[in-house]
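Work through the exercises below with the model open. Try each task before reading its solution.

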Amino acid sequence: MCAFQSSGRQNGSNPTSSNAPGAAAPNQGSQASTNGFKPDQPELIVQERRVRKILEMIQSEPLRRIEDLAREFNLSHSHLEHLFKQETGVSLGQLLTQKKLSRAAHLLVHTNLRIKEIAYTVGYEHTSSFIRAFERHFMQAPHRYRQETTAPRQKG
C-alpha cells in the first residue's frame, strides 16, 4: 500500500521532479491526481518528510548505509529504496555511492591516508571493491587521482 504507486510520479507527470538529489519538493498541490489519489492525503506528506529527512542525513556526516537508514525509519531495505526512487527519481544506492566516492576523493587530495584506510573510512570493507568503484566513477585509479590532483599544488 505504497502511496507513490498512484501519485502520478511514475509517468513523470510531476513538474517539480528532477534527477537532482534534493528534488523532493514539499507537497504544494502541483502533483497530478490520478486513480482517485489526492496529493493532500496525509500518507503522502509523511512519506515526503521521510525522504527529505533521508536526504538531510545523507548530506551530514558520518556516511550512512541503506541498512542503517532503513532501520532508523522502520522500513525494509527494499521499501526504503523504492520509496526514495519514487520520490526523487534517483537510486538511493547510487546516491550513497557517489557520496562515498566524493568523500574518498576529498580524502585522497587533502590527507596522507593510505588508500586502504580511505576505503575503510568511507565504508568499503575490501580495498579492491573500493578501487573498482572509484575507477568506474572517476575513470582512474585512486593513486593516479591523488597524483594528478595534488601535483599542481606541489609545484606552485
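## Exercise 1: Salt bridges

The side chains of Arg65 and Asp68 meet in a salt bridge, 3.3 Å from N to O. The model is a predicted one.

**Task.** Find how many salt bridges the model holds, and which residues they join into one network.

**Solution.**

Step 1. Apply the cut-off: a side-chain nitrogen of Lys or Arg within 4 Å of a carboxyl oxygen of Asp or Glu. The count comes to 3 salt bridges.

Step 2. Start from the pair of Arg65 and Asp68 at 3.3 Å. Arg65 is partly exposed, at 44% relative accessible area. Asp68 is also partly exposed, at 27%.

Step 3. Follow Asp68 to its other partner. The side chain of Asp68 also meets Arg71 in a salt bridge, again 3.3 Å from N to O. Asp68 and Arg71 are 3 residues apart in helix α2, so about one helical turn separates them. Arg71 is exposed, with a relative accessible area of 58%.

Step 4. Turn to helix α7, residues 142-155. Here Glu148 forms a salt bridge with Arg144, and the closest N and O atoms are 3.7 Å apart. The two residues lie 4 residues apart, about one turn of the helix. Glu148 is partly exposed at 45%, and Arg144 is partly exposed at 43%.

Step 5. Join the bridges that share partners. Arg65, Asp68 and Arg71 form one network.

Step 6. Recall the chemistry. Side chains of opposite charge can pair when their charged atoms come close.

## Exercise 2: The overall fold

**Task.** State how many helices and strands the protein chain has, and what share of its residues is buried.

**Solution.**

Step 1. Count the elements. The secondary structure comes to 7 helices and 0 strands. Read along the sequence, the pattern is α-α-α-α-α-α-α.

Step 2. Take the burial. Of the 156 residues in the protein chain, 36% are buried.

Step 3. Take the surface. The chain exposes about 9300 Å², with carbon and sulfur atoms supplying 49% of this area.

Step 4. Check the range of the contacts. Among contacts with a separation of 6 or more, 57% are between residues 24 or more positions apart.

## Exercise 3: The nonpolar cores

**Task.** Identify which helices supply the largest nonpolar core, and which residues have the most contacts inside it.

**Solution.**

Step 1. Size the core. The largest nonpolar core has 17 residues. Ile54, Ile58, Leu69, Leu80, Phe84 and Leu92 have the most contacts inside it.

Step 2. Assign the helices. At least two core residues come from each of α1 (42-59), α2 (66-72), α3 (77-88) and α4 (92-110). The largest share, 5 residues, belongs to α1.

Step 3. Look around one core residue. Setting aside residues up to four places away in sequence, Ile58 touches Leu69, Phe84, Leu92, Leu95, Leu96 and Lys99.

Step 4. Look for another core. A second, separate core has 14 residues, including Leu107, Leu108, Phe130 and Phe134.

## Exercise 4: Helix α4 and Leu108

**Task.** Compare the expected span of α4 with its end C-alpha atoms, then find what Leu108 contacts.

**Solution.**

Step 1. Compute the span. The rule is 1.5 Å times one less than the number of residues. For the 19 residues of α4 this gives 27 Å, and the end C-alpha atoms are 27 Å apart, which agrees.

Step 2. List the buried positions. In α4 they include Leu92, Leu95, Leu96, Lys100, Leu101, Leu107 and Leu108.

Step 3. Focus on Leu108, which is found in α4. At 1% relative accessibility, Leu108 falls under the 20% limit and therefore counts as buried.

Step 4. Trace its contacts. Beyond neighbours within four places in sequence, Leu108 is in contact with Ile115, Ile118, Phe134, Pro142, Tyr145, Arg146 and Thr150. Leu108 and Pro142 are 34 residues apart along the chain, yet 7.4 Å separates their C-alpha atoms.

## Exercise 5: Arg52

**Task.** Is Arg52 buried, exposed or partly exposed, and what separation do the C-alpha atoms of Arg52 and Glu87 have?

**Solution.**

Step 1. Place the residue. Arg52 is found in helix α1.

Step 2. Classify Arg52. Its relative accessibility is 26%, so Arg52 counts as partly exposed.

Step 3. Take the separation. The C-alpha atoms of Arg52 and Glu87 are separated by 9.5 Å, and the two residues are 35 apart along the chain.

Technical notes
Residues are numbered from 1 along each chain as its sequence is written. This is a predicted model: local features need pLDDT of at least 70, side-chain atom pairs count only at pLDDT 80 or more; totals for chains, interfaces and linings use all residues. Side-chain values use heavy atoms; hydrogens and water are left out. A nonpolar core is a set of buried Ala, Val, Leu, Ile, Met, Phe, Trp, Tyr and Cys residues joined through side-chain atoms within 4.5 Å. Buried means under 20% relative accessible area, exposed over 50%, partly exposed in between (1.4 Å probe, protein chains only). Contact means heavy atoms within 4.5 Å. Accessible areas come from the Shrake-Rupley method with a 1.4 Å probe; for residues, only the protein chains shown count as cover.
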